[in-house]
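User: Please take a close look at a single part of this structure, with enough background on the whole to place that part. A connected account would suit me better than a list.

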Amino acid sequence: MMSSCQIAADSRQHSLMDALRVQSVNLEHAQNQKQHNTEGLNSASLVVRRGQPFKLTVAFNRRYIPNRDGLVLRVELDRLYNDIPIKFSKDPSQWTAYFQQDSLDSTKASLCVSSPANAPVGVYQVQFLMTSSSGPFNFRVGQFTLLCNPWCSADSVYIADESQRAEYVKNDFGLLYQGTAKNVIFRPWSFDQYENGILDICMMMLQVSPEHKRNWKTDCSNRSDPIYISRVVSAMINSNDDCGVLQGNWSEDYSGGVSPSDWNGSGEILRQWAQSRFSPVKYGQCWVFAGVMCTVMRVLGIPTRVVTNFDSAHDANGNLVIEEFYTETGEKLPRGQDSIWNFHVWVECWMKRADLGAGFDGWQVLDPTPQERSEGVYRCGPAPVKAIREQRMDMPFDIPFIYAEVNADVYVCIVQQGKVLSYSIDSDRVGSLICTKSLGSNRPQDITSTYKYTTAIRPVTSNSTMAAPTLANNSSSADGLSVKLRLLKAPVIGGNISFSVTVTNLQSTRKTVRQHVNAQAKSYNRNPSDTFWEAHNTIQLAPLESKVLEHQISYSRYAMLGDGQLVNLAVVVMDVASQERVLASEEFNLTSPTINIRIEDEGSVVAQKVQVAMVTFTNPFSEPVSGVLTVAGAGLLEDKVLFNIALQPGESKETAVKFTPKMEGVKMLHANLRLNNNPAVIRGFKTITVRAA
C-alpha cells in the first residue's frame, strides 16, 4: 500500500511529465528575410519589418493543446516588453501571435508573430512564458531586429512604387553630384548597408543617442515614429553635440584624419566609429554626412535619397539676401557672414506627416551637416519639400533655413575703399539646380520644381557617357556698356582655359573702356583665394560697336588647384569718361579625366562566381604621373584593392581586378586614382547586373 507522500510525489512527477515545454525554436531566417525584403542585411539576429507576420517553428515536448496550455510570447525592447497571448487570429493594431491551425497535429508547430505597423524600431529579445500546475517555465528564443516597412500600406514610410523601394531602400550604391549647375560631376558612393556589421552599428546608433541616455523608456516608445527617428539620426551623424559619427572639417588641413574627398562609402566610416567605441571619425563634409545618413535611414527601412542643391545659400541674418563684393579690377573679396556654396548635399526621406495635416506627406529634407541648431541641437528637418515650395515658414522643422538655401537673392557689388560703386541683383543663381540620382539610372534627375516654382537649369554632367557640360555664358549691362563673359570650350584639367569677353557700347558716342579680368581659385564652400591670373587692357569703341577679346589661361597657371576646386572668373569694364562700371562673373569647375572599367563577358555575371574587370587609365597630362589606384565595390569585393601606378605622358595602364558577387542585383564597381605629384583625383565607375547563380 502506497503512502500519501509517495502518491503526492508521483502526482508531481506526472504533472512535470505532462507540462508543456518548448524544446527548440527555429527562427526561419532565410524564409522570413526573403518575405520581409531584408535579404542580405547582415546580422546574427533575424531581421524583419513591422506590420507583417513572420514565422517561427516551435518544437514542444508534446502536442500543444489549445485552451489548456498556458503559453505567452514575450517580446522585449530594452526592458519595455509586450506579453502576447497565443491566439488563432491576427489583430493588425497590436502585437499578435497565432499558430497555424494545420500545424498543431504534431509536436512541431508554426507560430506567426506580427507587430503593428507603428511598432518601435529596434532589437527585440524573445522568450516563451509557460504556466502549469507545476509552476512557471521560461524559454529564451533569441532576438530579432524590427525595421520600418515601406512595403506595408499601414506603415507611415509606405511608398507604393516598387521601383522606388528598389532604389531608395534596397540599392546599396549611388552617385553624389558635385561641381556646378552647368557642369555637374559625379562622385560614386557605396552605401554598404549589406556589409558585415553595418545593420548592428545602425541599431546601436539609436542606443547611444542622447535621447536614449536621457530617457530610455521615452526614446524606445518614440521609435515608432520616423519623424522622431530621423531627427535623432540627423543629430547623430555629426559629432557636434554627442558621440556622433563624423567630425566636420572645412579647414583644408586634415592632419590626424582622412580628407573628406578620400571617402568612397559609408561602411568604413561606420565601422571605424563603432570600433573606436563611438569616437567621431575624422573628417566629413556635406556629401560625407549625407552619404552616411542615407545608409542609416535605408537600413532602418525609411526610403532615402541624396540630394544636391547647386549654389546653396547660407543666409546668416535671415533676410534672404546674400551680398558679394568685388574690387574695381574684378577680384572677389572675402567679406560678409553670408555665403553661397557652389553645392550643398543633404538627404530626403519619404514619410507621412500626420502632424501637419493633409498635403505634406512624401519627401522630407533632412540635413546632418552641422550648420545651425534645431531645438538646441545641430540637426535639420524633417521639412516637407512641398512646405518649402509653398513658403510655409510656420511648419516644423527648419523650413525658413532650407527655404533660404534655395531662394535667396544675390547682390553683387563693385566696391572701392569701402564704397559701393555699382551693384546688380541676381535672383536666379541660388538653387539654380536641385538634383538626385534617377530611378534605376546613373543620370541626375532634376527635382528643382519640387522646391520652387521658377524655371531651372537642365542638369548635365561631365561624365563621358552623358551630355557635354553647358558652357558658362554670363552677361551684364548698364546704361552705356554691356559685357559678356563666355567659355569657348569646356575646361578640362591639363588643358588651357579659353574664354572670350564681349564689350558693347550701347550709346551713340565713342568710348574709351578699360577691361580688367581676374581669375581666383576657390573651394566649393568658401570665398576665393588670391588671384592666380589677371589681364588688363584699354580698348576703343565706336558708337554701338561690340568687340570680342579672347583670353587663355595655361595649365601651368592653375595646376595648383586641389581636388574639386573651382575657378572664379570675373571681368570689370569701365567707361573712362563716365566711370560707369559693369561686372560679369562665372564660377566653374574643370572636368577631370576618367578611369574606364570594362567587364569581360558582362552578360554572364552571376552570384558566387569569380569575374574579371579591366580597369584602364591613360595619362592625359604633359608630365609623368604616379599614384595609388583604389578599386572597391560593395557586394563585389570583400576589401579595397590597391595598385601603384606610374605613367609617362600619353601612356595607358590596364589592370585586371578579380571579384566575386555575393548576391544578385545591380552593383557598382568604382575606382579612384590619387596622384602623388598632381592634386587631381581621378574617378570612374561601372554598374554591373548580377544574375542569380
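Analyst: **The four-stranded mixed sheet and its setting**

The chain exposes about 28,400 Å², and carbon and sulfur atoms supply 48% of that area. The model is a predicted one. Its chain has 693 residues, of which 56% count as buried, and its secondary structure comprises 13 helices and 40 strands. Along the principal axes, the C-alpha atoms fill a box of roughly 135 × 55 × 40 Å. Among contacts with a separation of 6 or more, 67% are made by residues 24 or more positions apart. The chain carries 66 positive and 68 negative charges, and the mean positions of the two sets are 4 Å apart.

The part chosen for the close look is an open sheet of 4 strands, in the order 16-15-22-23, with mixed pairing. Its edges are strand 16 (332-333) and strand 23 (419-426), each of which pairs on one side only. The sheet can be followed from one edge to the other. Strand 15 (residues 321-326) runs antiparallel to strand 16, and 2 bridges join them. In this pairing, Y326 has K332 of strand 16 as its bridge partner. The next step across the sheet is parallel: strand 15 and strand 22 (residues 409-416) pair over 6 bridges. Here E324 is matched with V412 in strand 22. The last step returns to the antiparallel sense, with 7 bridges between strand 22 and strand 23. V412 takes part here as well, since S424 in strand 23 is its bridge partner. V412 thus has a partner in each direction, E324 and S424. In a regular strand, the side chains alternate between the two faces of the sheet.

Strands 22 and 23 also form a hairpin, with 2 residues between the strands. Within this hairpin Q417 takes a positive phi near 50 degrees. Most residues other than glycine have a negative phi, and most peptide bonds are trans.

Both kinds of exception occur elsewhere in the chain. A positive phi of about 55 degrees is found at N37, which is not a glycine; N37 is placed in the loop between helix 2 (29-35) and strand 2. Two cis peptide bonds deserve mention alongside the sheet. One joins G381 and P382, with omega about 5 degrees, and P382 is found in the loop between strand 20 (377-378) and strand 21 (383-384). Another runs from P396 to F397, with omega near 5 degrees. F397 is placed in the loop between helix 10 (385-389) and helix 11.

Helix 11 itself invites a question: how far is it enclosed by the rest of the structure? Of its 9 residues (residues 399-407), 7 are buried, so the helix is largely enclosed. The buried residues are I399, F401, I402, Y403, A404, E405 and V406. The acidic residue E405 is thus listed as buried together with F401 and V406.

Helix 3 (residues 162-170) offers another view of packing, with Q164, R165, E167, Y168 and V169 buried. An α-helix has 3.6 residues a turn, so residues three or four places apart point the same way. The buried residues of helix 3 pack against several elements, including helix 9 (286-299), strand 14 (304-314), strand 18 (362-366) and strand 24. Strand 24 (residues 433-437) contains L433. With a relative accessible area of 0%, L433 falls under the 20% cut-off and is therefore buried. L433 lies 132 residues from G301 in sequence, and the C-alpha atoms of the pair are 28 Å apart.

A further sheet serves as a point of reference for the mixed one. It is an open sheet of 3 strands in the order 34-35-38, with antiparallel pairing. Strand 34 (596-599) and strand 38 (652-659) are its edges, each pairing on one side only. From one strand to the next, the twist averages 25 degrees. Strand 35 (residues 611-618) is joined to strand 38 by 8 bridges, and T618 stands opposite S652 in strand 38. The loop between strand 34 and strand 35 holds Q608, whose phi is near 65 degrees, a positive value in a residue other than glycine. Is Q608 buried or exposed? Its relative accessibility is 57%, which is over the 50% cut-off, so Q608 counts as exposed.

Definitions and conventions. Residues numbered from 1 in each chain as written. Predicted model: local features only at pLDDT ≥ 70, side-chain atom pairs only at ≥ 80, totals over all residues. Heavy atoms only, no water. Buried < 20%, exposed > 50% of the residue type's maximum accessible area, 1.4 Å probe, protein only. Contact = heavy atoms within 4.5 Å. Areas by Shrake-Rupley, 256 points an atom, 1.4 Å probe, with all protein chains shown as cover. Lys, Arg positive; Asp, Glu negative; His and termini not counted. Charge placed at Lys NZ, Arg CZ, Asp CG, Glu CD. Pairing = 2+ DSSP bridges. Axes fitted to C-alpha atoms, helices over the stretch in contact; angles between N-to-C directions.
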